[in-house]
Every structure is written in structure tokens, then in C-alpha cells.
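Me: I would like to go through this model and ask, point by point, how each label is justified.

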Amino acid sequence: MEKREQKFAEDLLQYLNDSPTAFHAVENAAVMLKEHGFQELKETDSWSLQEDGRYFVIKNSSALIAFTVGRGGLAKEGFRIIGAHTDSPCLKIKPGAGSITPDGYVRLNVEIYGGAILNTWFDRPLALAGRLVVKEDGALREKLIRIDKPVFMIPNLCIHFHRDVNEKGAYNKQTDMMPLFCMKEEGVEKEDYLFELLQEEIGTGKTDIVDYELFLYEYQKGIFTGKNQEFISASRIDDLSMVYAGLSALTEAKTGKGCQVFAAFDNEEVGSTTAQGANSGLFLHILNRICKNLGLTDEGYFQAIANSTSISADLAHAVHPNYSDKHDTETRPVLGKGAVIKYSASQRYATTAHSAAYFMEACKRAGVPFQKFVNRNDIPGGSTIGPALSGLTTIPTVDIGAPVLAMHSIREFGAVADNVYTKQVFLAYYEGDRSM
Ligand code: ZN
């Protein structure tokens with residue numbers, strides 16, 4: 001691997017490690033964008049966009065839309081869009097926080113966010129991050145919090161009490177998933193254990209905290225692995241690796257004639273239908289607002305939309321060596337061989353021949369390989385932001401992603417090369433002419 005590519009892979013790993021929640025992913029993205037001359041716009045302010053300008057908007061602290069303004073001709077050139085998502089499956093702390101068993105164990109009460117592989121959350125140290133809404137001097141404020149300490153653990157039941165666990169390893173989402181926190185102390189109320197921890201970290205006590213959105217994450221950091229360190233083993237590769245590739249491409253891309261857009265939505269793992277999700281009015285509002293602010297008429301706006309293209313970047317399923325029959329016989333992506341174009345006759349992916357073609361053209365311009373994926377007919381598979389995004393905007397969309405193993409495990413597994421390729425094709429896509 002070249003030095004430049006090595007640096008990109010190291011920065012990606014750092015981004016994954018530094019972003020335990022969607023809030024932190026957005027906060028770190030904003031820092032990166034500002035370093036590259038992007039200016040933050042507030043939805044509540046009046047905008048005044050300039051040619052060659054670079055901007056971004058944050059929604060709910062957990063979604064972000066960044067864009068560059070081209071040199072005229074937006075109606076004819078349209079938007080060149082890449083979308084990804086900031087959220088990952090995890091455990092979310094319920095209101096009330098704690099629970100004390102009759103035996104004196106203090107546990108957290110959690111719910112499951114998204115389609116997590118539950119057994120991967122056992123027997124490993126867990127830390128805590130998210131956001132608080134606090135009352136300071138009579139005003140409500142938001143505070144991001146990260147307690148990067150190994151404080152929680154969900155210990156497995158010993159094999160002697162369920163000897164068939166290796167044959168039937170099912171877990172109950174309510175009763176089996178409560179992380180152990182500490183042992184009961186005299187005179188301490190059940191919710192106070194968590195608030196004490198928060199107070200230690202940011203000096204905000206129980207009475208100041210109005211509400212919270214707190215998530216557990218794996219305390220151990222992501223690493224490179226494999227004989228030649230060619231793999232990445234880390235949390236939240238889905239989908240922060242695509243967020244990072246999109247951000248990197250946008251910050252590097254030369255400004256074009258139209259607008260280059262990178263959107264990182266929240267809540268993909270729970271269906272995207274939220275104000276900060278892909279299946280909402282958010283994205284179209286922003287595109288409309290950009291057009292109007294640059295002086296386009298309604299007619300110009302509709303033209304710009306019709307002249308736009310989009311890439312929905314989420315991850316793809318590589319063939320697993322131990323379960324290779326889970327894939328279709330002919331479309332079998334593997335690690336290290338490039339981004340995967342995802343097809344689905346039932347439109348769980350938005351890819352069409354047209355949208356696949358402009359993606360393949362961009363791969364050729366970038367000089368990087370690509371692969372194709374279709375589910376087996378007897379496995380329905382998942383979906384992503386592509387169908388919602390193309391349905392709402394009517395913009396042609398291709399669903400693609402770097403291939404991975406262990407998708408939705410607490411620790412996912414991908415290849416360094418695929419992340420490098422994906423970033424390169426994104427750059428070629430942003431900088432290319434309208435191809436169709
Ligand atoms: Zn995803």
C-alpha cells in the first residue's frame with residue numbers, strides 16, 4: 001500500500017474509534033469539514049450562498065449535509081450526491097437508567113437499537129456515550145458526553161447452566177441483555193449510580209439533567225489485522241466507513257459546475273423515517289433551498305433535480321468463507337476486490353442499469369475495481385437509504401458499499417483496500433462530468 005493510502009486507512013480507523021455514536025460522528029465530521037474551509041449554516045438562519053462556496057448543515061446533532069457550490073449552471077448540471085448513515089446497531093439506555101436485583105447487583109436497563117448481533121455484546125468491556133439535555137442558568141442546552149472507560153459488562157451464563165448454548169445460542173432481548181454496572185451500595189437510589197458517573201465526567205448532577213440519549217459501545221479500539229494488516233476489525237464500520245470515504249472525497253474534490261453533496265443521515269438502522277433520517281423532508285428541503293438561494297426559479301429547481309444523480313453508500317455482504325452457500329451462485333463479492341453494486345428486483349436497493357452505469361464509469365475513471373451483489377432468491381436480505389432517497393427526490397440512485405463480514409456485530413470486519421477504492425471512486429464521481 002502506498003503511503004497516502006496507508007494514511008487514509010489510519011485516519012479512517014481513528015474516525016471510527018473517535019465516533020462512538022451518531023452525535024460524535026457528526027461532531028467529528030464538522031471538525032474535518034471546517035478544517036477544509038466549509039462553513040456551517042444553521043437551518044434557522046437566512047442563507048447567502050456564494051459561487052465556489054463550501055457549506056454544511058447539521059440536523060439534530062446526528063445528521064449532516066455538506067455541499068459545494070459550483071460555478072454556475074446548476075439547473076443544467078444538477079447535484080452530484082453521495083449519501084451514507086451515521087447510526088449503528090447498539091444498546092440504548094432506557095429512562096430510569098438502573099435496576100437493582102434482590103441479590104444486590106446493579107444493572108443498566110437497555111433497549112436494542114437496530115438489528116444488532118446480540119451475542120457479540122457479551123463478555124467485553126462496554127463504555128458509554130451520547131448526549132444530555134441539561135438545564136444551565138435556566139436555559140436548556142445540549143452536551144455530548146463520552147465516558148471512555150470500561151464500566152459495563154454483560155457476562156455470559158456459564159456453559160454448565162446451558163450446555164446446548166453452542167447448538168441453540170438464542171438470547172432474550174429483555175432479560176439477557178442487561179449490562180452489569182456495580183454492586184449495590186447502602187442508601188444509593190437505583191438511578192443515582194448512572195447520574196453519579198455522569199456527574200464525575202462533566203459535573204452535571206441529576207437535578208440538572210433534563211433527559212438523555214445514551215448508548216453503550218465497545219471499549220476496545222478498532223485495529224488492523226491479517227498477515228499483512230490488510231483487514232480492519234472495528235466497531236461501526238457500517239456505516240461510518242462510508243461516511244468517512246464520502247467526507248474525504250468531498251473535502252478533496254475540485255469544485256465542478258453543479259453542486260457536490262454529501263449527506264450523512266441518522267436512523268437508517270431503524271427505518272430512516274425520522275426528521276434526521278433519509279426517509280424525511282430534510283434532504284429535499286436542503287436541495288430546494290440551495291437552488292432558491294442561488295436564484296433558480298421553480299423551473300430551474302425541477303431541472304436541477306432531473307439532472308442530478310446519487311450514490312447511496314452503505315456496506316455490502318462479502319462471501320463468508322465459513323458460510324459460502326449464503327450467497328447467490330454467480331454474484332459473490334469478496335473482501336479486497338472493490339466496492340459492490342447492490343441490485344434487487346424487489347427494489348430493496350435502488351440500483352437501475354442507468355445508475356449502475358454511471359457508477360461503473362466513475363470506477364473506470366478512478367482506475368479501481370468493482371463487484372456486483374444480488375441476494376439469493378430464498379434470502380430477502382436487508383435494505384438501506386437508497387430506496388427512500390430516490391423515492392423522495394426522484395433522483396436516480398445506485399446502492400453500493402464496501403464488502404464486509406460480520407455486519408451488525410459489535411465488531412465488523414472489512415478490507416483496507418475496499419475503503420481506499422471507495423474513496424477514490426467517490427472522488428472521481430464528484431469531479432466527473434455528467435455522464436448520462
Ligand atoms: Zn448500514
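Me: What makes helix H1 and strand E10 stand out in the lining of the second largest cavity?
Reply: In this predicted model, helix H1 (3-18) and strand E10 (209-218) each supply at least two residues of that lining, and the residues found there include Leu 16, Asn 17, Tyr 217 and Glu 218. The lining also draws at least three residues from each of domain 1 (3-88 + 235-431) and domain 2 (90-218).

Me: Why is the space called a cavity, and what is its volume?
Reply: A cavity is a set of points where a 1.4 Å probe fits but cannot get out, so the term describes enclosed space; the second largest cavity has a volume of about 70 Å³, and the search of the whole structure finds 2 cavities of 30 Å³ or more.

Me: How do the residues of its lining divide by character?
Reply: They divide into 3 nonpolar, 4 polar and 5 charged, with Gly counted among the polar residues by the convention used.

Me: Why is the site of the zinc ion called irregular?
Reply: The zinc ion is coordinated by His 85 (NE2), Asp 238 (OD), Asp 314 (OD) and Asp 314 (OD), at 2.0 to 2.6 Å. Four donors count as tetrahedral if all angles lie between 85 and 135 degrees, and the angles here are 54 to 147 degrees, so the tetrahedral label does not apply and the site is irregular.

Me: What makes His 85 and Asp 314 a link between separate parts of the chain?
Reply: His 85 lies in strand E4 (residues 79-85) and Asp 314 in the loop between strand E14 (309-313) and strand E15 (316-317), so the pair ties together parts 229 residues apart in sequence.

Definitions and conventions
Residues numbered from 1 in each chain as written. Predicted model: local features only at pLDDT ≥ 70, side-chain atom pairs only at ≥ 80, totals over all residues. Heavy atoms only, no water. Donors = N, O, S within 2.8 Å, 3.2 Å for Na, K, Ca; no water. Tetrahedral: all angles 85-135°; square planar, octahedral: opposite > 155°, others 65-115°. Helix = DSSP H or I, 4+ residues; strand = E, 2+ residues; numbered from the N terminus. 1 Å grid on protein atoms, 1.4 Å probe; cavity = no way out; pocket = protein on both sides within 12 Å on 5 of 7 lines; lining within 4 Å. Points joined across faces, edges and corners; volume = space filled by probe spheres on them. Domains from an automatic or database assignment.
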